[in-house]
Amino acid sequence: LDRYAVIGHPVEHSRSPQIHAAFARQTGEALVYDRLPAAPDAFVSAVDQFFADGGAGLNVTLPFKGEAAERAEQLTDRAERAGAVNTLARRDDGQLIGDNTDGIGLLRDLTANLAPVQNARILILGAGGAVRGVVPVLLGERPTKLCVANRTAAKAEALANDFTDLGNVSGCGLAELTGDWDIVINAISAGLTGEMPELPDTVLDGTTAAYDMVYADEPTPFLRWAAARGVQNRRDGFGMLVEQAAESFHLWRGVRPKTADVIAELRPGGN
Ligand code: ATR
């Protein structure tokens, strides 16, 4: 049986094994998919051991996506652009290909379930590693404009600068934000547990769509904040997780699973 795993630190709570098991059942692909914990300083040795033992592919999660990009012998364009790899596949000659399916995962979930990206005015809150993965993919759909806003403004500006060849993208500080946006995407990692930072009320209104790249059993602080400002069209990042997994599965197996039923079946808390 071909063996796959998700490697991370921590990785105990990853939903990826369940998602890939559902894909395997649905498509009739024979494979096993486990969790592979790795100590923070032992990523490369764990990867090399996994593939030396005959492993077929890995998903890579925090905090190893940058190291995975360095380890891969070959990168897809989108992984190179992101500087981060969430999917490793072994070629027949033993070399590792690194891909990044996070951006396409977000794009698929957004366009299928929330709002079109083409010609949209899109605001992204946060400028961390996750944003770097999704910006090039979103720009490929030709939004009217894409703004990255971050607590540390210089980081948002630097990130935007790296992608200006791909479209209309800019960076700014959270404090300088003004309206009008069609889609607001939250990628501030504190949004999972803590409270939202102070944001100007004009950022959202009833016509805006709100997407949180994280998910939880309960509506996230960002989505609660959006709901309180009259936003009806809201979605959390569980669909993105399933969609990025489907793209990895496709890369490994050459088969594209249907995602809607898997999202509905496995969605935590049913929200
Ligand atoms: P990820 O991989 O999830 O993107 P990351 O690279 O650590 O994680 O990025 C975290 C993001 O959340 C950053 O944009 C960070 O802002 P700074 O660049 O200014 O640090 C943002 N963030 C984290 N905690 C925050 C908070 N309390 N208020 C505002 N932004 C916060």
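**View 1. Surroundings of W181 in the loop between strand 9 and strand 10.** In this predicted model, W181 is placed in the loop that runs between strand 9 and strand 10. W181 has 23 other C-beta atoms within 10 Å, and because 20 or more are required for a residue to count as buried, W181 is classed as buried. Leaving aside residues up to four places away in sequence, W181 touches R121, I122, L123, V203 and T208. C147 is 34 residues from W181 in sequence, while the C-alpha atoms of W181 and C147 are 9.6 Å apart in space.

**View 2. The open sheet of six strands.** Six strands make up an open sheet with parallel pairing, and their order across the sheet is 9-8-7-10-11-12. Strand 9 (169-173) and strand 12 (233-235) are the edge strands; each has a single partner strand, so one side of each lacks a neighbour in the sheet. On average, and with direction ignored, neighbouring strands of this sheet are turned by 15 degrees against each other. Strands of a sheet pair through backbone hydrogen bonds, either parallel or antiparallel.

**View 3. Strand 7 and its pairing with strand 8 and strand 10.** Strand 7 (residues 121-125) runs parallel to strand 10 (residues 183-186), and four bridges join the two; within this pairing, L123 of strand 7 stands opposite V184 in strand 10. Strand 7 also runs parallel to strand 8, to which it is joined by five bridges, and here R121 stands opposite K145 in strand 8. Strand 8 (residues 145-150) is mostly covered, with five of its six residues buried.

**View 4. Helix 8 against the sheet.** Helix 8 (residues 221-228) packs on the sheet that has the strand order 9-8-7-10-11-12. Helix 8 touches strand 10, strand 11 (209-212) and strand 12, and the direction of helix 8 makes about 165 degrees with that of strand 11.

**View 5. K65, annotated as an active site.** An unreviewed UniProt entry lists K65 under "active site", and in the model K65 lies in helix 3 (residues 65-71). With 24 other C-beta atoms within 10 Å, K65 counts as buried, because the cut-off for that class is 20 or more. When residues up to four places away in sequence are not counted, K65 touches V60, A84, V85, N86 and G129. For the domain "Shikimate dehydrogenase substrate binding N-terminal", UniProt lists residues 6-88, again in an unreviewed entry. Over residues 6-88 the chain is 42% helix and 22% strand, and the C-alpha atoms at the two ends are 10 Å apart.

**View 6. The contact between domain 1 and domain 2.** The protein chain is divided into domain 1, which takes in residues 2-100 + 239-270, and domain 2, which covers residues 103-236. The centres of the two domains, taken over C-alpha atoms, are separated by 25 Å, and the contact takes 14 residues from domain 1 and 17 residues from domain 2. On the side of domain 1 that touches domain 2, helix 4 (77-82) and helix 9 (238-253) each supply at least two residues, and helix 9 gives the most, with five residues. By class, this side of domain 1 has four nonpolar, five polar and five charged residues.

How values were computed. Residues are numbered from 1 along each chain as its sequence is written. This is a predicted model: local features need pLDDT of at least 70, side-chain atom pairs count only at pLDDT 80 or more; totals for chains, interfaces and linings use all residues. UniProt positions are given in the numbering used here, feature names are shortened, and annotations may be inferred rather than shown by experiment. Domain bounds come from an automatic or database domain assignment. Two residues are in contact if their C-beta atoms, placed from the backbone, lie within 7 Å. Ala, Val, Leu, Ile, Met, Phe, Trp, Tyr, Cys and Pro count as nonpolar, Asp, Glu, Lys and Arg as charged, and the others, Gly among them, as polar. Two strands pair if DSSP finds at least two bridges between them. Axes are lines fitted to C-alpha atoms, for helices over the stretch in contact, and angles run from 0 to 180 degrees between N-to-C directions. A residue is buried if 20 or more other C-beta atoms lie within 10 Å of its own, exposed if 12 or fewer, and partly exposed in between; C-beta atoms are placed from the backbone.
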